[in-house]
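Q: I am new to this structure and would like a close look at a single part of it. Please take me through that part slowly, in one connected answer.

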Amino acid sequence: MRRYYYLASIVILGVLISTDSSAKDIDMAVVRKLAKLPVDEILDGASVPEIEIDKYWETIRERKRPKVVFFYSNNDGPSQRVATLIRYVAMDYSDRMAFRRVKVVETGKPDTKLRKDFEARFSLDKTPGILFYDNVGDKMVLEDEDYVDA
């Protein structure tokens with residue numbers, strides 16, 4: 001099921017990029033170069049601040065608008081490609097949505113212990129992962145799951 005969330009996230013981000021008027025101005029050669037850099041470099045200068053994991057829920061609770069949180073491995077091909085999408089979406093939508101990021105590991109994939117920890121805490125079993133939060137009264141909606149207290 002989580003695999004479908006990942007795929008749906010990629011599709012949603014892709015649609016946001018392709019439907020925006022500035023999408024016509026994106027140079028795909030630049031995009032391909034960006035996608036080869038570490039995620040921290042891809043998102044450098046983009047409006048996607050990093051969240052310290054010990055301050056995660058505090059940061060999520062202070063939201064004033066919907067929030068997109070990107071979990072990534074810094075030097076991992078799939079994370080690098082998704083980060084490139086996040087960069088361009090954040091450039092055009094940061095006035096309507098808040099974007100944040102969480103570095104899970106520097107290189108490779110998370111080990112079994114870390115994976116289990118992130119699965120228990122955030123329902124993420126691998127990187128890259130994207131969580132969407134929306135405001136609904138004093139509760140949050142996490143993806144299309146039930147309301148969660150935060």
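Where does Ser123 lie?

A: In this predicted model, Ser123 is found in the loop between α6 and β3. This residue comes just after α6 and takes a positive phi of about 60°, and it is a residue other than glycine. Most residues other than glycine have a negative phi, and most peptide bonds are trans. With a relative accessibility of 27%, Ser123 counts as partly exposed, because values between 20% and 50% fall in that class.

The loop that holds Ser123 also contains Pro128, placed between α6 and β3, the latter spanning residues 129–136. The peptide bond that joins Thr127 and Pro128 is cis, with an omega of about 0°. Thr127 is, in turn, one of the residues touched by Ser73, which leads from the loop to strand β1.

Ser73 lies in strand β1, and at 0% relative accessibility it counts as buried. Leaving aside residues up to four places away in sequence, Ser73 has contacts that include Val39, Ser79, Glu106, Lys109 and Pro110, besides Thr127. The side chain of Ser73 also reaches the backbone oxygen of Gly108, at 3.0 Å. Within β2, Val105 is the bridge partner of Ser73, and Val105 is also among the residues that Ser73 touches.

The setting of Ser73 is a strand of which 8 of the 9 residues are buried, so β1 is largely enclosed by the rest of the structure. Its pairing with strand β2, which covers residues 98–107, is in the parallel sense and extends over 8 bridges. Together with helix α5, made of residues 77–93, β1 and β2 make a right-handed β-α-β unit.

We can now return to α6, the helix that Ser123 follows. At the N-terminal end of α6, Asp111 acts as a cap, with a side-chain oxygen lying 3.3 Å from the backbone nitrogen of Lys113.

Between helix α6 and strand β1, aromatic rings provide a link. A search of the whole structure finds 10 aromatic pairs. In one of them, the rings of Phe71 and Phe118 have their centres 6.0 Å apart and their planes at 85°, so this pair is edge-to-face. Because Phe71 belongs to strand β1 (residues 67–75) and Phe118 to helix α6 (residues 112–122), the pair ties together parts that are 47 residues apart in sequence. Both Phe71 and Phe118 are buried.

Phe71 also pairs with Phe122: the ring centres are 5.2 Å apart and the planes stand at 45°, so this second pair is tilted. Here too distant parts of the chain are linked, since Phe71 is in strand β1 and Phe122 in helix α6, 51 residues apart. Phe71 counts as buried at 1% relative accessibility, and Phe122 counts as buried at 2%; both values are under 20%, which is why the two residues receive that label.

Phe71, Phe118 and Phe122 belong to one aromatic cluster that they form with Tyr56, Trp57 and Tyr133. To bring the part together: α6 is capped by Asp111 at its N-terminal end and is followed by Ser123 with its positive phi, while Phe118 and Phe122 in α6 pair with Phe71 in strand β1.

Definitions and conventions
Residues numbered from 1 in each chain as written. Predicted model: local features only at pLDDT ≥ 70, side-chain atom pairs only at ≥ 80, totals over all residues. Heavy atoms only, no water. Phe/Tyr/Trp six-rings, centres within 6.5 Å; stacked < 30°, edge-to-face > 60°. Helix = DSSP H or I, 4+ residues; strand = E, 2+ residues; numbered from the N terminus. Buried < 20%, exposed > 50% of the residue type's maximum accessible area, 1.4 Å probe, protein only. Polar contact = N/O pair within 3.5 Å; in protein donor to acceptor, adjacent residues only side chain to side chain. Contact = heavy atoms within 4.5 Å. Pairing = 2+ DSSP bridges. Right-handed = clockwise from strand over helix to strand, strands pointing away.
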